[in-house]
Amino acid sequence: MAASAKQSVGSVEEAVAEEDRRALEPGAAPFGNFPHYSRFHPPEQRLRLLPPELLRRLFPQGPETQPVVGLDVGCNSGDLSVALYKHFLSHRDGETWSDASRELRLLCCDIDPVLVERAEKECPFPDALTFITLDFMNQRSRKLLLSSFLSQFGRSVFDIGFCMSITMWIHLNHGDHGLWEFLAHLSSLCRYLLVEPQPWKCYRAAARRLRKLGLHDFDHFHSLAIRGDMASQIVKILTQDHGMELVCCFGNTSWDRSLLLFRARQTTETPLIPESLIEEGKERNRLRFWR
């Protein structure tokens, strides 16, 4: 009897250990919503490619000070959202936007309520960053929640959107048309859009990890027609189908993902990124511009 009880307890512990192991495996989260994402891809890898002055250059202060309003889609537990906020608020001379009476407000959304709850609890800037649970592909929820946030600032669109390593998960779960629709929604919602597409090798790795764990394969993986050079595919969809233009590529992270900045063609006159930043980027051998 005692031996049987010990065996039962051991089985439970083994099951829990196996569940924990799967939870930490990236492939075990079919929407990319696995915990501790920043352990695999730390925010610093992206930040070192992005000029801290970028938002100040894109949105120079006018006679009436208004906040820059941003959208971060697929924020996970908020580590990158917070890092972006701190990075773009920093001036090289130590001054911050808050010193200059300029604000940055971010709406950060993720499909996983557990990750969103963690982000809310750990966020050091609760007045500036708002975290919500949202399936971005749910049109009704998306329209309701995003419009509600924008209305607080008298806006109909976001100044800038961040889409960091999200396109693959949308593509795998919603197919070619789903990816096309996702980019259509983003381009209609944002004046500028910073996208970090996953390369095709990540698709294969994600599918392989699911199979290795004995989980159901992605429904659309084998039927995807959009494949190959995914950065070029994203550029093509956004520029040819959704009325955006590619402003620049800030280079690649150490895990070989491009950071691409797009601008809506209907955006009213905004100053180009100055030559000083272009030359700086060239010196660091990491910044390429399309004119």
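Start with the largest nonpolar core, which has 50 residues. A nonpolar core here is a set of buried Ala, Val, Leu, Ile, Met, Phe, Trp, Tyr and Cys residues joined through side-chain atoms within 4.5 Å. Buried means under 20% relative accessible area, exposed means over 50%, and partly exposed lies in between (1.4 Å probe, protein chains only). Select Leu71, Phe136, Phe158, Phe182 and Phe262: these touch the most other members of the core. Then add helix H8 (residues 167-189), which gives the most to this core, with 9 residues. Helices (H or I, at least four residues) and strands (E, at least two) are DSSP runs, numbered from the N terminus.

Before you go further, note that this is a predicted model, in which local features need pLDDT of at least 70, side-chain atom pairs count only at pLDDT 80 or more, and totals for chains, interfaces and linings use all residues. Residues are numbered from 1 along each chain as its sequence is written, and side-chain values use heavy atoms, with hydrogens and water left out.

**Stop 1: around Phe158**

Which residues does Phe158 touch, not counting residues up to four places away in sequence? Show Val69, Gly70, Leu71, Leu107, Leu146, Phe149, Leu150, Leu189, Cys190 and Arg191 to see them. Contact means heavy atoms within 4.5 Å. There is also a second, separate core of 35 residues, and Leu50, Val82, Leu194 and Leu261 are among its members. In soluble globular proteins, nonpolar side chains tend to be buried together.

**Stop 2: H8 against H10**

Keep H8 on screen and add helix H10 (residues 230-241). The two axes come within 9 Å and cross at roughly 35°. Axes are lines fitted to C-alpha atoms, for helices over the stretch in contact, and angles run from 0 to 180 degrees between N-to-C directions. H8 passes H10 in a right-handed crossing; that is, the near helix is turned clockwise from the far one by less than a right angle, whereas anticlockwise would be left-handed.

To see the contact itself, pick Thr167, His171, Leu179, Trp180, Leu183 and Ser187 on H8, and Met230, Ile234, Ile237, Leu238 and Asp241 on H10. By class, these come to 7 nonpolar, 3 polar and 1 charged residues. In this scheme Ala, Val, Leu, Ile, Met, Phe, Trp, Tyr, Cys and Pro count as nonpolar, Asp, Glu, Lys and Arg as charged, and the others, Gly among them, as polar.

**Stop 3: strand S1 and its neighbours**

Now select strand S1, residues 68-73. Buried or exposed? Here 6 of the 6 residues are buried, so S1 is largely enclosed by the rest of the structure. Turn the view to compare its two sides: Val68, Gly70 and Asp72 point one way, and Val69, Leu71 and Val73 the other. In a regular strand the side chains alternate between the two faces of the sheet.

Next, bring in strand S2 (residues 104-110), which runs parallel to S1 and is joined to it by 6 bridges. Look for Val68 opposite Leu104. Strand S4 (residues 158-164) also pairs with S1 in the parallel sense, over 4 bridges, and there the bridge partner of Leu71 is Gly161. Two strands pair if DSSP finds at least two bridges between them.

**Stop 4: two residues with positive phi**

Follow the chain from S1 into the loop before helix H5 (79-89), and you will find Asn76. Asn76 has a positive phi of about 55° although it is not a glycine. With a relative accessible area of 8%, Asn76 is buried.

The other example is Asp256, in the loop between strand S6 (244-252) and strand S7 (258-264). Its phi is positive too, about 65°, and Asp256 is not a glycine. Asp256 is partly exposed, at 38% relative accessible area. Most residues other than glycine have a negative phi, and most peptide bonds are trans.

**Stop 5: pairs to check with the distance tool**

Arg191 sits in strand S5 (residues 190-196) and is partly exposed, with a relative accessible area of 22%. Draw a line from its C-alpha to that of Arg263: the two are 72 residues apart in sequence and 5.9 Å apart in space.

Pro35 lies in the loop between helix H1 (2-24) and helix H2 (37-40) and is buried, at 18% relative accessible area. The C-alpha atoms of Pro35 and Leu115 are separated by 7.2 Å, with their places 80 residues apart along the chain.

**Last stop: the whole chain**

Zoom out to see 11 helices and 8 strands. Buried residues make up 51% of the 291 residues.
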